Amino acid sequence: MIPLPPPRADGALSLEAALKARRSIRSYGEQALTLAEVAQLLWAAQGTTRRNGMRTAPSAGALYPLELYLEVGRVEQLPVGIYHYDSAGHALEERGGAARRSELLAAGYGQGCIERGAINIVVAAVYARTARKYGERAVRYAQLEAGHAAQNLALQAVVLGLGTVVVGAFDDALVKQALGMGGDEEPLCIMPVGRAK
């Protein structure tokens, strides 16, 4: 496990200013992100906020079906590769040191923002976690939760002076293959992040 810098609980912008400034950004500069920025983005999307495991985004029945994957292209102090975010430990688990950007790009039908981002964060769901309590509505609940997490991440990006966009057009099987996801995990969105041009 790679421990991440602790998240900050204050920022340079108010919530209202971040909401007003949030836009879908698909063009990024070549600069690397810092490890602290990556840590803050992951925490905003699915970090824990209480000792009992409660997270930054709401979850039906507090069952937390979401998993975050990080594809790294340009991050200071973090090698290129695939990582899984451990929200309980606020750490990264290495899932493969090889560059997988081309595979993820192909899975995303060649969308340039995936190639240009310093990182790509993939939100995935394990529907079975929610289904054990909510049955067939689990899919809907998990997809709602992915939206909450994506908005948290997008607003955090604004506060950090970064750009991102939510990508929903991709080949699920190829995303799973590129990231080495488990068979019970379903990718719901890809969020490239970088310094806005």
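This presentation describes the interior, the strand pairing, the charged pairs, the cysteines and a few individual residues of one protein chain.

Good morning, colleagues. Please bear in mind throughout that this is a predicted model.

I begin with the nonpolar interior. In general terms, nonpolar side chains in soluble globular proteins tend to be buried together. In this chain, the largest nonpolar core comprises 38 residues. Within that core, the residues with the most contacts are L41, L42, L70 and I119. Which elements give two or more residues to the core? They are helices α2 (35-46) and α6 (138-159), together with strands β2 (66-72), β3 (81-86), β5 (119-125) and β7 (186-194). The largest share belongs to α2, which supplies eight residues.

L42 offers a useful view of these surroundings. Leaving aside residues up to four places away in sequence, L42 touches L4, G47, L68, L70, Y85, L92 and I121. There is also a second core, separate from the one just described, with 17 residues. Among its members are Y28, L105, L179 and M181.

Let me turn to strand β5. How many of the residues of β5 are buried? The count is seven of seven, and the strand is thus described as mostly covered. Its side chains are divided between two directions: I119, I121, V123 and A125 point one way, while N120, V122 and A124 point the other way. Residues of both sets are buried.

What are the pairing partners of this strand? On the one hand, β5 is joined to β2 by seven bridges, and the two strands run antiparallel. On the other hand, β5 pairs with β7, again in the antiparallel sense and again over seven bridges. V122 illustrates both pairings. Opposite V122 of β5 stands Y69, and in β7 the bridge partner of V122 is I190.

I move now to the charged residues. As a general point, side chains of opposite charge can pair when their charged atoms come close. The count of salt bridges in this model comes to seven, and I shall discuss three of them.

The first to consider is R195 with E37, whose side chains meet at 2.7 Å, N to O. This salt bridge links distant parts of the chain, since R195 lies in the segment after β7 and E37 lies in helix α2, 158 residues apart. Are these two residues buried or exposed? Both R195 and E37 are buried.

The next is E67 with R129, where the closest N and O atoms are 2.6 Å apart. Here too distant parts of the chain are linked: E67 belongs to strand β2 and R129 to helix α5 (residues 127-134), with their positions 62 residues apart in the numbering. E67 counts as buried because its relative accessibility is 12%, under the 20% cut-off. R129 counts as partly exposed because its relative accessibility is 23%.

The last of the three is R100 with E103, with closest N and O atoms 3.6 Å apart. R100 has a relative accessible area of 22% and is therefore partly exposed. E103, at 34%, is likewise partly exposed.

What of the cysteines? A search of the whole structure finds zero disulfides. C113 is in no disulfide, and the nearest cysteine sulfur, that of C189, is 12 Å away. C113 counts as buried because its relative accessibility is 3%. C189 is also in no disulfide, and at 5% relative accessibility C189 counts as buried.

I close with three individual residues. K176 is found in helix α7 (residues 172-179). Why does this lysine, K176, count as buried? Its relative accessibility is 17%, and the limit for a buried residue is under 20%. Apart from residues up to four places away in sequence, K176 touches M181, G182, G183, E185, E186 and P187.

The other two residues concern the backbone. A62, in the loop between α2 and β2, has a phi near 50°, a positive value in a residue other than glycine. A62 counts as partly exposed, at 35% relative accessibility. Y109 lies in the loop between α3 (101-107) and α4 (112-116). Its phi is also positive, at about 60°, although Y109 is not a glycine. With a relative accessible area of 54%, Y109 is exposed.

Thank you for your attention.

Technical notes:
Residues are numbered from 1 along each chain as its sequence is written. This is a predicted model: local features need pLDDT of at least 70, side-chain atom pairs count only at pLDDT 80 or more; totals for chains, interfaces and linings use all residues. Side-chain values use heavy atoms; hydrogens and water are left out. A nonpolar core is a set of buried Ala, Val, Leu, Ile, Met, Phe, Trp, Tyr and Cys residues joined through side-chain atoms within 4.5 Å. Buried means under 20% relative accessible area, exposed over 50%, partly exposed in between (1.4 Å probe, protein chains only). Helices (H or I, at least four residues) and strands (E, at least two) are DSSP runs, numbered from the N terminus. Contact means heavy atoms within 4.5 Å. Two strands pair if DSSP finds at least two bridges between them. A salt bridge is a side-chain nitrogen of Lys or Arg within 4 Å of a carboxyl oxygen of Asp or Glu. A disulfide is a pair of cysteine sulfur atoms within 2.5 Å.
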